[in-house]
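Colleague: Could you walk me through the cysteines and then the sheet in this one?

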Amino acid sequence: MRLLLINPNTSAAMTTGIAQAAREVAAAGTVIVARQPSFGPASIEGHFDDAFGAAGVAEQAALAANEGFDATVIACFGDPGLDAAREVLRGPVLGIAEAAFHAAAMLATGFSVVTTMTRTCVIAERLVLRYGFERSCRGIHGTDIPVLDLEAIGGDTVDRIEAAARQALAADRSEAIVLGCAGMAALCRELSTRLGVPVVDGVAAAVKFAEGLAALGLVTAKQGDYAAPIAKPWSGWAASFGSGRRSDGQPAE
Ligand code: 2AL
């Protein structure tokens with residue numbers, strides 16, 4: 001199968017790193033195509049960044065709509081643009097936060113999220129409520145490690161995430177950790193070994209769930225909310241996205 005992996009930020013190094021993490025867990029027959037928006041912030045660490053990240057995901061999803069991808073993964077923990085991508089793509093579209101919450105809830109009665117900047121915690125909190133995981137998510141913890149610092153993993157980065165995870169497990173009485181950033185994917189195995197509890201990286205979880213859904217022949221529902229966008233005039237630099245693209249390549253009504 002062909003899997004589109006969209007990194008919603010514009011850090012090429014991070015796109016490469018996320019693609020590598022995805023390829024490490026992908027099945028032998030899965031081809032990972034990793035892309036990033038043509039505009040927007042180098043990392044997503046707040047609501048303003050998130051808004052542009054969502055537009056960037058919508059851009060990449062629309063551009064890829066006729067390329068026949070079997071599934072798509074949005075690799076940023078705020079799941080920016082997830083619903084928009086589902087409107088223009090045919091195969092399943094998974095966000096890494098959504099996938100990680102589902103995985104963790106199947107492994108433990110309670111999990112904690114350890115993320116990057118404390119100010120991004122509210123974005124994850126809202127996703128927990130949106131996806132209905134408030135019964136199993138027992139806490140969301142910032143480390144104040146900037147996303148782009150995760151690109152050059154070294155120094156005390158892993159130690160700091162490990163310490164935050166240990167505190168979270170104790171304070172929240174939780175039994176599993178969800179890593180709250182795509183840039184933490186490469187640390188998952190090391191943290192699992194150190195912590196001795198399930199550590200869920202959303203990139204890996206989303207890739208495996210996407211493969212499973214695609215193998216079942218399941219696609220995104222097109223009867224209602226996720227129908228193709230309604231065609232109408234658009235203006236400015238985004239004018240070309242107003243054609244109401246349908247995921248099967250036909251012009252929208
Ligand atoms: C993220 C992420 O996964 N990618 C990014 O740019 N920001 N998440 C986060 N909590 O900071």
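Colleague: Why does Cys-181 form no disulfide, and how far is its sulfur from the closest cysteine sulfur?

Modeller: This is a predicted model, where local features need pLDDT of at least 70, side-chain atom pairs count only at pLDDT 80 or more, and totals for chains, interfaces and linings use all residues. Residues are numbered from 1 along each chain as its sequence is written, and side-chain values use heavy atoms, with hydrogens and water left out. A disulfide here is a pair of cysteine sulfur atoms within 2.5 Å. The closest sulfur to that of Cys-181 sits in Cys-76, too far for a bond, at 6.9 Å.

Colleague: Is Cys-137 buried or exposed?

Modeller: Buried means under 20% relative accessible area, exposed over 50%, and partly exposed in between (1.4 Å probe, protein chains only). Cys-137 has 13% relative accessibility, so the call is buried.

Colleague: In what order do the strands of the open sheet run?

Modeller: Strands (E, at least two residues) and helices (H or I, at least four) are DSSP runs, numbered from the N terminus, and two strands pair if DSSP finds at least two bridges between them. The edge strands, each pairing on one side only, are E6 (137-142) and E8 (199-201). With 4 strands and parallel pairing, the order is E6-E5-E7-E8.

Colleague: Which residue in E6 stands opposite Val-113?

Modeller: Strand E5 covers residues 111-115 and runs parallel to E6, joined to that strand by 5 bridges. Opposite Val-113 in E6 you'll find Ile-140.
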